[in-house]
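Take a look at the model below. This report walks through some of its contacts, rings and buried residues.

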Amino acid sequence: MFNALIANGRAVSSLDPTIYPPYYCPDCGHEVHLRNKSNTRPHFVHSRSADCRLPGGESEEHTEGKALLASWLKKQNLSPVIEKQLPEEGRRADVFVQWTGRNVALEIQRSAIDSPQLLTRSRTYREKGILPLWFFAPKLVQRKNAGRWFWNEAVWSSLFSGYFNAVPVLMPSSRELLIVQPLFEASPKRIVACALRFPVGDIKLEYFFTPAQLSFSFNDKILAHKNSWRFSPHQFTGCEKYWESLGIYTRHYSHISMHPADLGWPTPYCYVFRGPPLVWQTLLFHRIIHQKNDTLNNILILVQKDPLLAPLIRSGLRAEVYLRQAVWHFLQWLKVRKTVYFHHGRWHLKKDLLSEASAEKGWSQDQSIAGIFTAYIKKLEA
């Protein structure tokens, strides 16, 4: 930790060389020692026998990460506080800063954490009028091969905690940031995403409070995923409500490999639903859109009540915003495909979606539609 108390109760920083020991932990009161190695920033550490509620034994990477973020904020003429003690017991922000009249907590997450824990911490910050901004260690957001990444549900939850629709990965050793923008979830924990890597100093804090520009430059990955759905026998591996979802396909299509080419495209914000786009889009079309003409608000209510769709919706502080965007963009895509149209405040079904004659013809249709989908996304970007 970077902050401690001295005998008179005044808070001191490990980065201030003019203060002398003894030092005491601001939470438990135990004596702490200043560690000042040549290969890391000075910081305070507990003795091994100390029993403290605050996290101890931080790695040098975590310590360096906090110092890096604080230095980055200072260069923007801000006044960050490392390890800001918050009112609730035993909780402190890695880096705290006031920016444009808002309080912001920057959290570096290096160890595995589950989604409920992260959501609870984010919600606590929000209730205190603090905006959480999460940075992850590279081991929690892993790149497996070109365009494919692995992370857990907690990372998704962090994505829905703020306004930034990408995942920041902090690399203190190289003083760089990796911004990973998900396109869609191919299977549990396997995400197709694009990434941008640059020095931390190249951006400002405001960058993380506006949505990242949509980028669908991975058409080859999208087509590869659609190809696997056409020809793989394991299309529903890991999908929730397996048998019920499979029943939708068997009722409307002779075989899943012959699903309409219009379905399965990763429209913006589609990752608010767990699983591949083809699953939730098929369920949404046949269980709600196909049933009756309705307003967007009523469609959203039905989605959240549907026994097959509701379990697919991810939780998060802004999940409803993402859900609205996901459904709206899917309807817009169907409108481009002349499957639905909008009239007098309601979405109307214009034509049914027919199955392809064969998996091979469906794959040919997928390839031809790819150009139309790219043009649709570029129009959104413009």
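## Charges over rings

Start with a charge and a ring. Lys84 lies over the face of Phe96, at 5.5 Å from the ring centre. This model is predicted, and the values here are computed from it.

A second case involves an arginine. The charged end of Arg102 sits over the ring of Phe209. Its distance from the ring centre is 5.7 Å.

## The whole protein

Now step back. The protein has 382 residues, and 54% of them count as buried. Its secondary structure comes to nine helices and 16 strands.

About 17,800 Å² of the protein is exposed. Carbon and sulfur atoms supply 50% of that area. Contacts also tell us how the chain folds back on itself. Take the contacts with a separation of 6 or more: residues 24 or more positions apart account for 63% of them.

## Aromatic pairs

How many aromatic pairs does the structure hold? There are 21 aromatic pairs. One of them joins Phe164 and Phe208 in an edge-to-face arrangement. The centres are 5.2 Å apart, with 75° between the planes. This pair links distant parts of the chain, 44 residues apart. Phe164 is in the loop between α3 (153–159) and β12 (167–171). Phe208 is in the loop between β14 (190–199) and α4 (219–231). Why does Phe164 count as buried? Its relative accessible area is 5%, and the cut-off for buried is under 20%. Phe208 is buried too, with a relative accessible area of 1%.

Another pair is made by Trp280 and Phe330. Trp280 and Phe330 are also edge-to-face, at 5.5 Å centre to centre and 65° between the planes. Again the pair links distant parts of the chain, here 50 residues apart. Trp280 belongs to helix α6 (residues 277–289), and Phe330 belongs to helix α8. Both Trp280 and Phe330 are buried.

## An aromatic cluster

Rings can also gather in a group. Which residues form one aromatic cluster? The members are Trp72, Phe135, Phe164, Phe198, Tyr207 and Phe208. Phe164 and Phe208 appear here as well as in the edge-to-face pair described above.

## Two buried arginines

Arg92 lies in strand β7, which spans residues 92–99. Is Arg92 buried or exposed? Arg92 is buried, because its relative accessible area is 7% and buried means under 20%. The side chain of Arg92 makes a polar contact with the side chain of Glu83, at 3.5 Å.

Arg230 is found in helix α4. At 2% relative accessibility, Arg230 also counts as buried. What does the side chain of Arg230 reach? The partner is the backbone oxygen of His259, at 2.7 Å.

## A buried alanine and an exposed lysine

Ala70 sits in helix α1, residues 60–74. Ala70 is buried, with a relative accessible area of 4%. Set aside its neighbours within four places in sequence: Ala70 is then in contact with Pro80 and Ile82. Ala70 can also be placed relative to Val97. The two are 27 residues apart in sequence. In space, Ala70 and Val97 are 8.9 Å apart, C-alpha to C-alpha.

Lys338 lies in the loop between α8 (319–336) and β15 (340–343). Lys338 is exposed, because its relative accessible area is 53% and exposed means over 50%. Leaving aside its neighbours within four places in sequence, Lys338 is in contact with Lys350 and Lys351. Lys338 and Lys351 are 13 residues apart in sequence. Their C-alpha atoms are 7.6 Å apart in space.

## Cysteines

A disulfide is a covalent bond between the sulfur atoms of two cysteines. How many disulfides does a search of the whole structure find? The search finds zero.

Two cysteines are worth locating in the model. Cys194 is buried, with a relative accessible area of 10%. Cys270 counts as buried as well, at 2% relative accessibility.

Note on methods:
Residues are numbered from 1 along each chain as its sequence is written. This is a predicted model: local features need pLDDT of at least 70, side-chain atom pairs count only at pLDDT 80 or more; totals for chains, interfaces and linings use all residues. Side-chain values use heavy atoms; hydrogens and water are left out. Helices (H or I, at least four residues) and strands (E, at least two) are DSSP runs, numbered from the N terminus. Buried means under 20% relative accessible area, exposed over 50%, partly exposed in between (1.4 Å probe, protein chains only). A polar contact is a pair of N or O atoms within 3.5 Å; within protein, one must be able to donate a hydrogen and the other to accept it, and residues adjacent in sequence count only if both atoms are side-chain atoms. Contact means heavy atoms within 4.5 Å. Rings of Phe, Tyr and Trp (its six-membered ring) pair if their centres lie within 6.5 Å; planes under 30 degrees apart count as stacked, over 60 as edge-to-face and the rest as tilted. A charge sits over a ring if NZ of Lys or CZ of Arg is within 6 Å of the ring centre and within 35 degrees of the ring normal. A disulfide is a pair of cysteine sulfur atoms within 2.5 Å. Accessible areas come from the Shrake-Rupley method with a 1.4 Å probe; for residues, only the protein chains shown count as cover.
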